[in-house]
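Trainee: I'd like to learn how to read the meeting of two domains in a model. Can you walk me through one?

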Amino acid sequence: MIRPLATALATLLLAGSPLTGAQENVLNLYSARHYQTDEALYANFTKQTGIRINRIEAKEDELLERIRNEGASSPADVFITVDAARLAKADELGLFAPVKSKVLEERIPAQLRSPDWFAFSTRARVIIHNREAVRADDVQNYEDLAAPKLKGKVCSRSGSHPYNLSLMAAMIAQMGEAKAEEWARGVVANFARSPKGGDTDQIKAVAAGECGVAVSNTYYLVRLLRSEKPEDRKAIERIGIVWPNQKAQGAHINISGGGMLKTAPHKDAAVKFLEYLASDEAQRYFADGNNEWPVVPTVKVQNAALESLGRFKADPLPVATLSRNAATAQKIYDRAGWK
Ligand code: FE
């Protein structure tokens, strides 16, 4: 009899231990960021504040489902993820609590936050082309991807992926729904293959000549630039990177970010953590670790590969607009057959 009881106890303890009650000096972080380099970012917070971080990592949909199921008794304090479209989802579900923080308001530019959540890093969605197959001059704008001369040359990841949803959300803001749909149809008509894989797969397919042109988030390119693997070096040599729409609104910018949950048991720790993410030190982790740009303009980046991308004009569109257009973006892709 002793054995099963001990086992049951052990199970209970295990189930209870990672997520503790309000009285403890901990922060329960639900994270859909999946970058190994984030470890140091969290360890540093604990070192500075003494607040231990219990991290639950999963895909954003699973995490959101979990927070909803846990309801009022959810141990989650902070939810962080990448992409404005995903933050929009959490916002729509009414999961975030508004955070009033002078630190966050002063450090994070207004277009990179909403009352409920904050961006902590940015990335641009750029055009990449095979130097031999497509001229840079022909792909200076997102609009060009729909031009008939690129027939059979465009590769893409799924239209349902948040990165592309946010890009479409920006296109809607820029040109209106009808024109954005026309654009999507034009791009679909140019596909070299059915959408598949992630951004890195598109980069490699462009390098291999399977497609002439694609779009990618910048940090995937910087990752390749920093790679010492010969095949990555070769891939990066074969492609050109274009900052899109430089004579118009600028390159589409997306973010990683997060917010405090309405039901957070450790609200003080949650605000401290969000403020920490906007600190110089944490901001440098985003830049130097995951090759993203800090949101705090005064932070100095020490990432030669990231800096080698140079300066560019970024679309100043508020990221909150991206989230508002996310649902419409999906409908347009569905109608256009961008699977
Ligand atoms: Fe990514």
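Trainee: How many salt bridges does the rule find across the interface of domain 1 and domain 2?

Mentor: Keep in mind that this is a predicted model. The rule finds 1 salt bridge across that interface.

Trainee: And what is the distance between the closest N and O atoms of Glu 292 and Arg 123?

Mentor: Those atoms are 2.9 Å apart, and the two residues form a salt bridge.

Trainee: What about polar contacts across the interface of domain 1 and domain 2 – how many residue pairs are there?

Mentor: There are 7 residue pairs in polar contact between the two domains, with both partners at pLDDT 80 or more. As for elements on the domain 1 side, helix 4 (84–92), helix 12 (280–290) and helix 13 (304–308) each give two or more residues to the surface touching domain 2. Helix 4 has the largest share, with 4 residues. Sorted by class, that side of domain 1 holds 11 nonpolar, 8 polar and 5 charged residues.

Trainee: How do I put a size on an interface?

Mentor: People often quote the accessible area that is lost when the parts come together. Here, domain 1 and domain 2 bury about 1,900 Å² between them, and 59% of it is on carbon and sulfur atoms.

Trainee: Which residues of domain 1 lose the most area to domain 2?

Mentor: Gln 111, Asn 291 and Trp 293 do, and together they account for 28% of what the domain 1 side buries.

Trainee: Where do the domains run along the chain?

Mentor: Both are made of two segments: domain 1 is 2–121 + 256–307, while domain 2 is 122–252 + 314–336. The contact takes 24 residues from domain 1 and 22 residues from domain 2. Their C-alpha centres lie 29 Å apart.

Trainee: Let's zoom in on one residue. Which side chains join Glu 70 in polar contacts?

Mentor: Glu 70 lies in helix 3, residues 60–70. Its side chain has a polar contact of 3.0 Å with that of Tyr 30, and another of 2.8 Å with the side chain of Ser 74. Leave aside neighbours within four places in sequence, and Glu 70 is in contact with Tyr 30 and Pro 75.

Trainee: Where should I hold back from reading detail?

Mentor: Where pLDDT is low, don't read the predicted coordinates in detail. In this chain pLDDT stays under 50 over residues 1–17, and the model has 0 contacts beyond four places in sequence for them. For the protein chain, the mean pLDDT is 92, with 93% of residues reaching 70 or more.

Conventions
Residues are numbered from 1 along each chain as its sequence is written. Side-chain values use heavy atoms; hydrogens and water are left out. pLDDT is the predictor's confidence in each residue, from 0 to 100. Contact means heavy atoms within 4.5 Å. Domain bounds come from an automatic or database domain assignment. Buried area is the accessible area (1.4 Å probe) that two parts lose on being put together, summed over both. A salt bridge is a side-chain nitrogen of Lys or Arg within 4 Å of a carboxyl oxygen of Asp or Glu. A polar contact is a pair of N or O atoms within 3.5 Å; within protein, one must be able to donate a hydrogen and the other to accept it, and residues adjacent in sequence count only if both atoms are side-chain atoms. Ala, Val, Leu, Ile, Met, Phe, Trp, Tyr, Cys and Pro count as nonpolar, Asp, Glu, Lys and Arg as charged, and the others, Gly among them, as polar.
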